[in-house]
Each structure stands twice: as structure tokens, then as C-alpha cells.
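The exercises below are meant to be worked with the sequence and the model side by side. Try each task before reading the solution that follows it.

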Amino acid sequence: MTKIEIVTNIHKDTGVDKVDIKEIVEKFMSEIIGSLENGENVYLRGFGSFIVKKKAAKMGRNITKGEPVFIPERYAPYFKPAKVFVKGVQSKVKSLDN
């Protein structure tokens, strides 16, 4: 599903103008990104958490040359879904297999 599909679905369900919905969705995403860029985690009850994780420095390998490469310590965004979210997905996807 793409952002425009989300906007279209919300428009169909609510009747709110697509331009307004797109602005809200984009502002929502920019708020999450801004919080993570500031080192602040975002917790959405019943949905999940957007967390900044510290990744340790490590040695990697340049596949083309076969040489070891040092990968420095870095911070990466991570999404951890809520238990309710996971259970809902697991139960619905299982029913699609049958």
C-alpha cells in the first residue's frame, strides 16, 4: 500500500478532502521523523513504537574486492509493533492462507 492509497482510503471512509488528508499524513510522518532525528522515541499505543537504536561499530566486507571494511557506530530507526498489532496480523494472514 502506498501513501496515496492510504489517503484515498481515508477519503472514501470520511469524505474529507484528499488534499487535507495528504497534508495530515505527511505532517504525521514528518513529526515521527523529526522526533527520531532528535533522539526521541515515538510510542503509539495499540500500534507500535518508533525507536532509535544504536548500532555498534563492526567489521564488514566489501563483496566486490573481498577486503574488510570498518563500519562505524551509527544510529538507525527501528519499528517495534505492539502485541495487539502483531496478533491481529498473524490471525488475519493465517485466514488468508486457508
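**Exercise 1. Find the hairpin formed by β1 and β2, and identify the glycine in its turn that has a positive phi.**

Strands β1 and β2 form a hairpin with three residues between them, and in the turn glycine 46 has a positive phi of about 85 degrees. The model is a predicted one, in which local features need pLDDT of at least 70 and side-chain atom pairs count only at pLDDT 80 or more, while totals for chains, interfaces and linings use all residues. Residues are numbered from 1 along each chain as its sequence is written, and side-chain values use heavy atoms, with hydrogens and water left out.

Next, look at the pairing itself: strand β1 (residues 42-44) runs antiparallel to β2, and three bridges join the two. Strands here are DSSP runs of E with at least two residues, helices are runs of H or I with at least four, and both are numbered from the N terminus; two strands pair if DSSP finds at least two bridges between them. One pair to locate is tyrosine 43 with its bridge partner in β2, serine 49.

**Exercise 2. Follow β2 to its pairing with β5, and state the sense of the pairing and how many bridges it has.**

The pairing of β2 and β5 is antiparallel and extends over eight bridges. Within it, isoleucine 51 stands opposite tyrosine 78 in β5. Then move to valine 52, which is placed in strand β2, and whose C-alpha atom is separated by 4.7 Å from that of proline 77, although the two residues are 25 residues apart along the chain. Valine 52 counts as partly exposed because its relative accessibility is 24%, where buried means under 20% relative accessible area, exposed means over 50%, and partly exposed lies in between (1.4 Å probe, protein chains only).

**Exercise 3. Find the hairpin of β3 and β4, and determine which glycine takes a positive phi there.**

Begin with the strands: β3 (residues 58-62) and β4 run antiparallel and are joined by five bridges. Methionine 59 stands opposite phenylalanine 70 in β4. The hairpin has four residues between the strands, and the residue sought is glycine 66, with a positive phi near 75 degrees.

**Exercise 4. Count the salt bridges, and work out where the partners of lysine 3, glutamate 31 and lysine 54 lie.**

A salt bridge is a side-chain nitrogen of Lys or Arg within 4 Å of a carboxyl oxygen of Asp or Glu, and by this rule the count comes to four.

1. Lysine 3 pairs with glutamate 26, and their closest N and O atoms are 3.3 Å apart. This pair links distant parts of the chain, since lysine 3 is in helix α1 (residues 3-14) and glutamate 26 in helix α2 (residues 18-37), 23 residues apart. Lysine 3 is partly exposed at 34% relative accessibility, and glutamate 26 is partly exposed at 33%.
2. Glutamate 31 pairs with lysine 27, with the closest N and O atoms 2.8 Å apart. These two residues are four residues apart in helix α2, so they are separated by about one helical turn. Glutamate 31 is partly exposed, with a relative accessible area of 44%, and lysine 27 is partly exposed as well, with 48%.
3. Lysine 54 pairs with glutamate 73, the closest N and O atoms being 3.4 Å apart. Here too distant parts of the chain are linked, for lysine 54 is in strand β2 (residues 48-55) and glutamate 73 is in the loop between β4 (67-71) and β5 (74-81), 19 residues apart. Lysine 54 is exposed, with a relative accessible area of 52%, whereas glutamate 73 is partly exposed, with 46%.

As a last step, note that salt bridges sharing partners join Lys3, Lys22 and Glu26 into one network.

**Exercise 5. Which residues form the nonpolar patch on the surface, and where does methionine 1 lie?**

The nonpolar surface patch is formed by Met1, Ile6 and Ile10, which together have about 290 Å² of accessible area. Patches are made of residues with over 30% relative accessible area and no salt bridge, where like charges are joined within 9 Å and nonpolar side chains (Val, Leu, Ile, Met, Phe, Trp, Tyr) within 5 Å; accessible areas come from the Shrake-Rupley method with a 1.4 Å probe, and for residues only the protein chains shown count as cover. Methionine 1 lies in the segment before α1 and is exposed, with a relative accessible area of 72%.
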